[in-house]
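User: I should like to understand how the terms used for a protein model are justified. Please set each value against its criterion.

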Amino acid sequence: MVDSSHLMYQEVDAFLTEQLRQPYPVTNWQKWPTLYSFCQSLATIASRRGYNFYVGEKRYGMKEQKDQIAPVHRYCHPGPSLSTLDERKAKPVFTSGVHLENVALLLQILKTLNGVPSYQNNSVLKFIGIMHYDGMPLNIGTFPRAEDKTVIFDGITPPVTLNQMVELQKDGTDSLKKYISEHCEWISEVNEYDITDASGAFYINAYTEYATVKGTANDVKEAISNVVHSIEVCQQCIKESRHGDCTFTSYKEACNRCKTLQTHGLDVKCTSFKVIHVSSDQASVQRKAHSELSQVSAKAIDDVDYIQYGFGMLHFCKNAISSARNYRLTNMSDTFTVSMLTAIWASKSEESKKMKETVPAAVFSYKDRHSDELCFQTVSESIQDIVNSTKHVLVTLVPEQYRTYAVEAKTRTLLGRPLYITTNSNGDFLWTDAEFEVVVMGNRHNPTKCISLGKWDEPGSANENQVPTSKASFSHPAGLDVMVCREKKREICFVSDQGNHVIRFINGIKTINGPKCVGTLKIHHVPEKWRPEGLTVIDSTTLAITAGTELSLIRLDESLLHGQLITIVNTLQSPRGLCFHPMQSNSILVADGNVIKEINISSKETSVVAQGFQGAFGISAAANGEIGITDVGLHRVSLLKWNEDAWINSTVIGSGDAGCRDGNATTAELHEPTGITFDMNSALICCIGGRDHGCIKLYSQLSFATEFMSNIRNIYDAIGFIPKKEHNKKRKSKSTPILPFTEGIEKLASSLSFMQSIMLKRKAHLGKSCLDGSDGSIYTQTLEGLAVSVASLQCHSQAFNELNTDIASINLYAFTNESRKEHNFAKHKQSGQYRHPTMQQYCRAKGCEEEEIIKKFCECPHSYHTNAYKAYQATHRSSLLSTSVIEEYKDIKEKLKPIQTPLNEEDAALLKEDLKKARVMNMITRALPTQNVRDVYRAKCGYAPCIVDQLDASLFDETDADKRYYPSFQQLMDELHESINSNSELDQRNVGNNDFVLLAGDIAAVNPGTENGIPSGDKWWLLQVNKAVPSSKTSSGCHVSGFWLEQLPSSEQPDQGCALRLQRGVAKTYYGSLIKTNDKPAVISVEQLNAGWQDGAVVYKLTQEFIHNLDKLSDEFRDKLFGQHESEDNSDSDSDDEETSVTQKLSHEVQEEVLQMSRRRIIRSRAGQNISSYAELSGQRQKRGSRTQRTHMLGQNTDEIVSALRD
């Protein structure tokens, strides 16, 4: 279990872990007792409750312990071990290009497997295959290697020889680095091309290409053409090293060389591999290249150039789910975002309990968005059933609850007390803030990015002319609405500016990006001290306004800069929000006190259409004709639907209890809901109430969510993706999943049709030709990639029918599932895909991967098993003997290697010396490694210890089910109650619990001690206690455990005060060494500390006044402990006093200098005895008779003394 010291030094920026539950986390950790005490207490209390901890990438805590041991069968007969055939040190693969030995190995093993799709006749055996390629980033850096008699530096192109490096180095390191930057490029990635048969039985790497940049689409097309041509050679030509002469003129005929041999009567069967499908991920360059190649590719299978192009479906699924994680998607009715699922999971409901039992918490923690497992579980059938039973959900948009570390989430500080809200055509929302008196805009992102459309918290007068938003001020802004001018392709937001008695407008709010300006509408016939409240847009030239007891219209001219005020009625009570009647073309609905009134614009008739509210505030109409009404008094929102001639209740949002809990909309909580608006049929609700600030919540039905999840899972099912554990079981039983090819294509086409229908609706609504997630839809080009893949698979289906190929043996999994293991870099302490290897690590690991594959597929003399960090490998499938296959594989490999000149002893010795020089030179030439490759896919480290999961549900009783939630901040603080008395001077604190004199997290002052009447150089040391000290253990010899606070170097000290760093490692001191007042340890008040992070450690800063008080208290304690200083009677004369003073001063300086050389906060002698003073550090405690010798030493040179004391 993680302990507090580990949390402290993982550079954990401590955040409250209740963020998955509460919308108002305490982000200012200076308010906590101390950072250390909170971390330690969190680890203690939460661990006792059964939580697992995740810190950074590493997982700490209790987890399922597997006691299964991989069986090892002893040899039953003498024979060679496979290990004797392995290369102990795999030779690096430095040059990029085709691996023909791997192609030969593939063909050899495929011939022994059953059910592999192929075409064959008397002279030809051609296996139908697929190629998938993908790039892996490499940590840039050079490393030297020997090539013949020369040492060159790899990692840059073109490589530089050692001699050239040495010549450049003569002019200085800067000139060498300048040359590399101007004439060379760093190799930053490696492209791997994997091939497999159409049944997916055997995968192997066939081509490796190092690159400096991703290149253009033309580069990708050229690379694909070269690779395909290189690997489509027959096995016979490879073995005879004649692959350069191997060419084909027809799909059903042998190569030209084998044809010639067959005509001469030789019994030669041309065995080769035909690539009919190329797939990759959906990188922009690859997507463009595949789309262009698909348009010109041959469609007839008889054509020797027949080949189709597509994309990996796993990447499409991840992109689609990533869109749902990062944006609010819509089907032009409801909304779906993964935060909705997280809200259900983190709520106190029956659905939450079921979800926690069926899926891991990591699905909702945003830990790794690139994980196929987590993406699959996000849309699993079990979650879909739970979501379907929930029906509707309420989730907080601002402030962000579940991804507070994101950059967008930090803009939540703009939120104060939201009052009214509206949306533009894209679904971006704008609200007026009653606390900071500003208009704020948020986009469709998740977390929501917010920007201020005016001076934040700086109310002011309205500008007559249009000004940028950075110079605009509002005064008590209230109602607002957006006018969409489709003909002019612009959108304008009108705002009621109560304090300035005007209507303001904001241009440029069609998107959150781009410049925006604020102006003032010039209105005629405005009464004095007019205070507009609610506002809604009736049509392209008319606004409706509530003010006082009136409902008025503003008729605008064509410029939309001038208007005329027309009063409709003035008999209302306290009108607030209003909206246009969705079912009556000439009526307006107004929230007036406890009722909703309908007002006919023409006849000015007023009628009550809904009542029973305690404080109706906001009202808005949805796209389906329903209206939403917020009730401030009842803390809920009512949705009403039109039934012939009356409004009837449809849905109630909120339980009626004031709060902020998300989840099922029926049991979720609202706190004084005010403004409401609709994005199609999904409601956005402002809540003005709360502890520190309000919030903005999203309500939506979950029908679109279940439909979206079903169609994405339909793709997973079509390609045969199954969870890892189940996949390992199938491999262990030799049952490779074979998906029906034709049915799978139909499933893919069905999901494509669903996605395209949503895309077309959204394009028509927004008037755009290309969409991305910020528009509420999946990225257009991603969907086009799916369409290209489906078209290619349909073309293959027709081709297989022409070849009379058994469709049952074709596995769609092989065409669309690009998930491969990219050589086991975990051997080099790399964390899987999360950290990419250096080029040298990649080269070392690549050399032995194929031999591992042979052991898995071929018969072995003994049972082959893996280590504890891998799943069981598949059992043997091929009838070939692994030892003979490895030998033959190595023979082919040696034949294909370029011949190198053998070195004599003299050349070898010179080369060895050159390599030594090159390794030293490499320290200068190599670049720093890059950071995590998957930073864009996963949550960054540096926050919390993130409590994301509990123990298995079986460990809890049914009565404990309600305890399986996160501890709130108040719960933790109640269990850690500490009373701290704020004082400007050093605080001698009375601990709340009388059983202890010191608690964990206390910072106590320690007396360094004296020797022979000479005070220590430091007047005090500081120790942060990590274990409580009971009242029963307060004798001088009792230990006090904690962490020392060490002063930073003078160069890092602030101008005023003192900075101290929290040291690593637990130290111990004696209770008797603590500085005390009234016989109780003096504890520093937390209010006197200014804490923060610096260079990966906690740093506390003390003020100059506080240091002075601490020095004074230390002097008083020493005087009391040791008595007054020696009196003048101890001196015979003034000269003796002066001599003694000089002697003491010099001794003190010497001892200080010695201590600085071996500065440690816990000081012990060689015997292990604690040393409390500088003099003791110089040597063992001296007897009184040795003082003469010490005084004699003081006359020597300081350097000599230091040297002697070191000895």
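**Reasoning from values to terms**

Analyst: Let us begin with a helix. Helix α17 (residues 741-766) has 26 residues, which at 1.5 Å a residue should span 38 Å; the C-alpha atoms at its ends lie 37 Å apart, and this agrees with the expectation. The model is a predicted one.

User: What phi does G767 take just after α17?

Analyst: G767 takes a positive phi of about 70° just after α17.

User: Why is the contact between R145 and D154 called a salt bridge?

Analyst: The term requires a side-chain nitrogen of Lys or Arg within 4 Å of a carboxyl oxygen of Asp or Glu. In R145 and D154 the closest N and O atoms are 2.0 Å apart, so the contact meets the cut-off of 4 Å.

User: Is R145 buried or exposed, and how do you know?

Analyst: R145 has a relative accessible area of 11% and is therefore buried, since the term applies under 20%. D154 has a relative accessible area of 7%, so D154 is buried by the cut-off of 20% as well. R145 and D154 also belong to a network of salt bridges that includes E147.

User: What makes K252 and D302 a salt bridge, and which parts does the pair tie together?

Analyst: Their side chains meet at 3.5 Å, N to O, which is within the 4 Å that the term allows. K252 lies in the loop between α7 (235-239) and α8 (256-263), and D302 in the loop between α9 (284-296) and β14 (308-311), so the pair ties together parts that are 50 residues apart in sequence.

User: Why are K252 and D302 called partly exposed?

Analyst: Partly exposed is the term between 20% and 50% relative accessible area. K252 has 31% relative accessibility and therefore counts as partly exposed; D302, at 45%, counts as partly exposed too.

User: How do you know that D775 and K768 form a salt bridge, and which terms describe their accessibility?

Analyst: The side chains of D775 and K768 meet at 2.8 Å, N to O, so the 4 Å cut-off is satisfied. D775 counts as buried at 6% relative accessibility, whereas K768 counts as partly exposed at 32%. A search of the whole structure finds 24 salt bridges.

User: How many aromatic pairs does a search of the whole structure find, and why is the pair of Y716 and F721 called tilted?

Analyst: The search finds 17 aromatic pairs. In the pair of Y716 and F721, the centres are 5.3 Å apart and the planes are at 50°. Rings pair if their centres lie within 6.5 Å, and planes that are neither under 30 degrees nor over 60 apart count as tilted; the pair of Y716 and F721 is therefore tilted. Y716 is buried at 0% relative accessibility, and F721 is buried at 8%.

User: What makes the pair of W1021 and W1044 edge-to-face?

Analyst: The ring centres of W1021 and W1044 are 5.5 Å apart and the planes are at 85°, so the pair is edge-to-face. The pair links distant parts of the chain, 23 residues apart: W1021 is in strand β49 (residues 1021-1025) and W1044 in strand β51 (residues 1039-1047). Both W1021 and W1044 are buried.

User: Why is the charged end of K126 said to sit over the ring of F248?

Analyst: The charged end of K126 is 3.9 Å from the centre of the ring of F248 and sits over that ring; the distance part of the criterion is within 6 Å, so this value satisfies it. The charged end of R504 likewise sits over the ring of F474, 4.8 Å from its centre.

User: Why is strand β17 described as largely enclosed, and how does β17 pair with β43?

Analyst: In strand β17 (residues 392-398), 7 of the 7 residues are buried, so β17 is largely enclosed by the rest of the structure. β17 pairs with strand β43 (residues 695-701) in the antiparallel sense over 6 bridges, where V398 stands opposite I696. β17 also pairs with strand β40 (residues 663-664) in the antiparallel sense, over 2 bridges. At least two bridges are needed for a pair, so the criterion is met.

User: Why are β22 and β23 said to stand at the edges of their sheet?

Analyst: The open sheet has 5 strands in the order β22-β26-β25-β24-β23, with antiparallel pairing. β22 (467-468) and β23 (477-485) each have a single partner strand, so one side of each is left without a neighbour in the sheet.

Key:
Residues numbered from 1 in each chain as written. Predicted model: local features only at pLDDT ≥ 70, side-chain atom pairs only at ≥ 80, totals over all residues. Heavy atoms only, no water. Buried < 20%, exposed > 50% of the residue type's maximum accessible area, 1.4 Å probe, protein only. Helix = DSSP H or I, 4+ residues; strand = E, 2+ residues; numbered from the N terminus. Phe/Tyr/Trp six-rings, centres within 6.5 Å; stacked < 30°, edge-to-face > 60°. Lys NZ or Arg CZ within 6 Å of the ring centre and 35° of its normal. Expected span 1.5 Å × (residues − 1).
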